[in-house]
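Colleague: Got a minute to walk me through this model? I'd like to go region by region.
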Amino acid sequence: MNKTKIFIASLLLTASVFAVTGCGKTSDSKGTAQESKITNPMDQDKIDELNKSAADAGDLLTGELENKTIKWLSDWDINPDGTGKKTPADLQLFQDVYGGKVEYIQCTYAERYDKLAQSVSSGEGIDFFYAGNLDAFPKGVIRGMFAPIDDYIDFDSPLWEDVQEVNDQFMWDGKHYVAAAQTTGDNVAVVYNRKTVQEAGLDDPADLYANGDWTWDTFEGMLESFCDPDNQRYGIDGWWFEFGLMNTIGVPPVGMQDGKLVSNIGDPAMERVQNWMYDLYQNGCIAIGVGDYGWEAKPNYIGEGKLLFYPVGLYEFYTTPDQWKGKFGDDAFFVPMPKDPEADEYYIPSGVEAYAFVKGGQNPEGVAKYLDCKRFTYTNEEAKAVADSIYVDDYGWTQEMVDMRNEMNDLSTENPVIDLSKGVSADCGDLLDSSLRLTTRGTPWNETYDSIAATVETYINEVNNNTVSD
């Protein structure tokens, strides 16, 4: 199951930047450099729109780069790879405004940190590394893999000020070590089929959301009305729904407070959501792993009308139309996770598109300029429209789907929920990943809490008591 999760996480990263995993050459001990150039630029009229928006923005994207190449170590390439996908808008801007290019140093997902450590120790000069897995901070900082970024990115500037709050969650010893370009709401969405919902006589979740009525209560009511396992009518499937529901309380299992990591598993809101998920299990609303359903997720049951909800990352829709429609049906749609009726705000699972500057990198200025271009495509309306066109042009989405995805991104930006469990250590991340799901398998929350609370505190204290390695 862990290998499955690693593979899924890799796919999600791929989708979030409109890239795919590099194939081809075998990595040597330091990774393999791939030729990096824009092979499939977007249509010229869109390139013109992008460049005009940058020119009209005045001094937001200015300056020159002496070194125009930035080195990127990852299991996926920022550059397009010849599969037909268009160049991302941020990369197009980086090329057109600064003459920049990204040199891809390829490795596998499993060997990322080994390659990174080798690069730092050998002085190879890798410039930046993906931090959106949320396993890089703070452990990578403490181990001396990353450098502070405050000399290169001004979080008070117009390009960065609206994400300053979330970036402040990645501070250690008073310095920023991660540049979060944006929070994303596409980490987990409730995927459903409108035809199935209509034929069951239920309200469309999109209408409930628009009217402010998409809550735990309506979510649970729909499940209880629909579920009838004897007639192949199932409630919730997949590996994402537990943490998707947990995140709606607005309290991550591990977060930052006053510059230190803190465990929140003893928070009353965590107890409340765990007890609610236990009730969903007891009431027969959960399909995966129960009875004859088995442990294999069945997303195709959405398209076949047998499954009501399949919470999953929107990477499932970052494919050609025949792929996602073949799985979820022509009437597939998605909405945010339902609102916790007792929460002070509408919280949903938050992803983060984030990057760390590698210690010993040779071109931090270039990385900062590239990330400025990325921020520009998120903050400038004309550039954002060009960036959004990929969903319609490449993925066959409707405008309603684009609007819902943007709505989810807005929710995550307004109220980010960033869980740093994996950034404490792999052991801490694995423990919480497995333990916090147990109520949906019939284990009462108090038993789980009593068995893990002290261990989690030990993991956190070990990190909090460390300083940054030179």
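Colleague: Where does D322 lie?
Modeller: D322 lies in helix α13, residues 321-328. Helices here are DSSP runs of H or I with at least four residues, strands are runs of E with at least two, and both are numbered from the N terminus.
Colleague: Before we go on, what kind of model is this?
Modeller: This is a predicted model: local features need pLDDT of at least 70, side-chain atom pairs count only at pLDDT 80 or more, and totals for chains, interfaces and linings use all residues. Residues are numbered from 1 along each chain as its sequence is written, and side-chain values use heavy atoms, with hydrogens and water left out.
Colleague: Fine. D322, buried or exposed?
Modeller: D322 counts as exposed, at 58% relative accessibility. Buried means under 20% relative accessible area, exposed means over 50%, and partly exposed is in between, with a 1.4 Å probe and protein chains only.
Colleague: How far is D322 from G396?
Modeller: Their C-alpha atoms are 8.9 Å apart, while D322 and G396 sit 74 residues apart in sequence.
Colleague: And S121, where is that?
Modeller: S121 is in helix α4, residues 112-122. S121 is exposed, with a relative accessible area of 64%. C-alpha to C-alpha, S121 and K359 are 9.5 Å apart, with their positions 238 residues apart in sequence.
Colleague: What about Q282?
Modeller: Q282 is in helix α11, residues 268-282. Q282 counts as partly exposed, at 44% relative accessibility. Its C-alpha is 7.2 Å from that of G442, and the two are 160 residues apart in sequence.
Colleague: Switching to helix packing. At what angle do α2 and α15 pack?
Modeller: About 155°, with the axes of α2 (residues 44-56) and α15 (residues 381-393) 8 Å apart. The axes are lines fitted to C-alpha atoms, for helices over the stretch in contact, and angles run from 0 to 180 degrees between N-to-C directions.
Colleague: So what does that make them, parallel or antiparallel?
Modeller: α2 and α15 are therefore roughly antiparallel to each other. The cut-offs: under 35 degrees is roughly parallel, over 145 roughly antiparallel, 65 to 115 roughly perpendicular, and the rest oblique.
Colleague: Which residues meet there?
Modeller: From α2, K46, E49, L50 and S53. From α15, E382, A383, V386, S389 and D393. By class, the contact of α2 with α15 has three nonpolar, two polar and four charged residues. Ala, Val, Leu, Ile, Met, Phe, Trp, Tyr, Cys and Pro count as nonpolar, Asp, Glu, Lys and Arg as charged, and the others, Gly among them, as polar.
Colleague: Next, Y459. What does Y459 touch?
Modeller: Y459 touches V424, S425, D427, C428 and L431, not counting residues up to four places away in sequence. Contact means heavy atoms within 4.5 Å. Y459 is in helix α19, residues 445-464. The C-alpha atoms of Y459 and S263 are separated by 9.8 Å, at 196 residues apart along the chain.
Colleague: And C428, buried or exposed?
Modeller: C428 is buried, with a relative accessible area of 0%. C373 also counts as buried, at 0% relative accessibility.
Colleague: How many disulfides in the whole structure?
Modeller: Zero, from a search of the whole structure. The cut-off is a pair of cysteine sulfur atoms within 2.5 Å.
Colleague: Now backbone geometry. Where is the cis peptide bond with P138?
Modeller: The cis bond joins F137 and P138, with omega about 5°. P138 is in the loop between β4 (128-130) and α5 (139-142).
Colleague: What is the phi of L134?
Modeller: About 65°, so positive although L134 is not a glycine. L134 is in the loop between β4 and α5, and L134 is buried, with a relative accessible area of 11%.
Colleague: And D173?
Modeller: Phi of D173 is near 55°, again a positive value in a residue other than glycine. D173 is in the loop between β6 (171-172) and β7 (175-176).
Colleague: Last one. How many helices and strands in the chain?
Modeller: The chain has 19 helices and 15 strands. Buried residues make up 57% of its 470 residues.
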